[in-house]
Amino acid sequence: MSQVSVLGCGKMGRALIRALAQAGRGVTVWNRSAERAQGLRENRVTVATSPSAAIEASPLIILITSSYTANKAILDQSGPWRSGKTVVHLTACQPREARALSELVAAKGGSYIDGAILAYPKQIATPASTIVYGGDSTAFEAARSTLEVLGKAAYLGADPGAASVLEVAILLPFTPMVVGLWQGLKICRLEGFPIDAYQSITRQVIPLMVDDSFKKGQQEDFATNPEKIECTVARAEDYIKHLAHYVHDCGIDPGIYCALARLFAGGVAAGLGEHDWVCAPDLPIVNANLLTQEAAPPAATSVPGKGGGV
Ligand SMILES: NC(=O)c1ccc[n+]([C@@H]2O[C@H](COP(=O)([O-])OP(=O)(O)OC[C@H]3O[C@@H](n4cnc5c(N)ncnc54)[C@H](OP(=O)(O)O)[C@@H]3O)[C@@H](O)[C@H]2O)c1
């Protein structure tokens, strides 16, 4: 028997396995492509030949493949479980999927914790690593000392979907922000603007804007109260179009900004042009067709030019 089994030896799985082994935990691992797991053989790491063998090997089971569907199949297909097992599901998934896995694990007699890793693999087991968890509180407390090896462990409550909700709510602003930041770096380089000035002013201004956005977003009347309105939906459409044209002129894909410009244009068309742009989440859905389009790269001629596409 080992103390913890880790199923999935990708970039994140390997970081978790190394941290656990270095902290003295006995670890059993399994990976779909066996060679990736074999490379991890070291003191206190045992390689299992099947997912069921990995589940059998430890009381604490960490699932960290890149696929919720794969994790569900692994649990579905595993044989009868010994009592006292806790599954910690760390693969990004939707809240309803986490809740479904919790029921599946309960039906097998186990306890379920769902986590979201708010860190990169290289940050695991450093002060930069935070992992949030929801689900069975007793099981979380029992596993806490092992989970704290991986980073700060924050418990969000009994809802197994809680970690996914928080992860999505953080990734929604984070994802376009870092893409925009890397685009900003490219523009500074192209224009010969000093990167250190870009970095220091950004670090000064963005946290203040984040705090301001949290405050506005919680005031129900902010979008419509003339005393409060600061930037209208119509102005947002204008400035985002300006961003789209400029990044395109710099040879950067303007797609994120085209989608945002369409969103605010839809708001103007719906008669909400003079509302504050804090109403963005309540504007009519105009970009859903992007979800069904092929992810294939567009032909060069189909890239929207200045004056078109946004
Ligand atoms: N990397 C990051 O920066 C980061 C940060 C935070 C959270 N996460 C989360 O960590 C999870 C894993 O990400 P990762 O970066 O480790 O991904 P990765 O390096 O691409 O590894 C994917 C892992 O999933 C396994 N896998 C994929 N499909 C499978 C299937 N159908 N059946 C069984 N195993 C399957 C792969 O096995 P094979 O080796 O056989 O392909 C591999 O072990 C994701 O949910 C991700 O959101 C990652």
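Tutor: A polar contact is a pair of N or O atoms within 3.5 Å, and in this predicted model that cut-off can be applied to the backbone around the ligand.

Student: How far does a backbone N or O atom of G10 lie from an oxygen atom of the ligand?

Tutor: The pair to examine joins a backbone N or O atom of G10 to an oxygen atom of the ligand. Since a polar contact requires N or O atoms within 3.5 Å, the pair qualifies, and C9 likewise places a backbone N or O atom 3.2 Å from a ligand oxygen atom. For G10 the separation is 3.2 Å.

Student: What share of the 900 Å² that the ligand exposes when taken alone does the protein bury?

Tutor: A backbone N or O atom of A92 lies 2.9 Å from an oxygen atom of the ligand. Taken alone, the ligand exposes 900 Å², and the share of this area buried by the protein is 74%.

Student: How many residues of the shell around the ligand are charged?

Tutor: The ligand is surrounded by 19 residues, with K11, M12, N31, S33 and R36 the closest. Nine residues of this shell are nonpolar and seven are polar, while the charged ones number three.

Student: Which class describes the aromatic pair formed by Y133 and F140?

Tutor: The whole structure holds four aromatic pairs. In the one formed by Y133 and F140, the centres are 5.4 Å apart and the planes meet at 45°. Because planes under 30 degrees apart count as stacked and those over 60 as edge-to-face, the class here is tilted.

Note on methods. Residues are numbered from 1 along each chain as its sequence is written. This is a predicted model: local features need pLDDT of at least 70, side-chain atom pairs count only at pLDDT 80 or more; totals for chains, interfaces and linings use all residues. Side-chain values use heavy atoms; hydrogens and water are left out. A residue is near a molecule or strand if one of its heavy atoms lies within 4 Å of it. A polar contact is a pair of N or O atoms within 3.5 Å; within protein, one must be able to donate a hydrogen and the other to accept it, and residues adjacent in sequence count only if both atoms are side-chain atoms. Accessible areas come from the Shrake-Rupley method with a 1.4 Å probe; for residues, only the protein chains shown count as cover. Ala, Val, Leu, Ile, Met, Phe, Trp, Tyr, Cys and Pro count as nonpolar, Asp, Glu, Lys and Arg as charged, and the others, Gly among them, as polar. Rings of Phe, Tyr and Trp (its six-membered ring) pair if their centres lie within 6.5 Å; planes under 30 degrees apart count as stacked, over 60 as edge-to-face and the rest as tilted.
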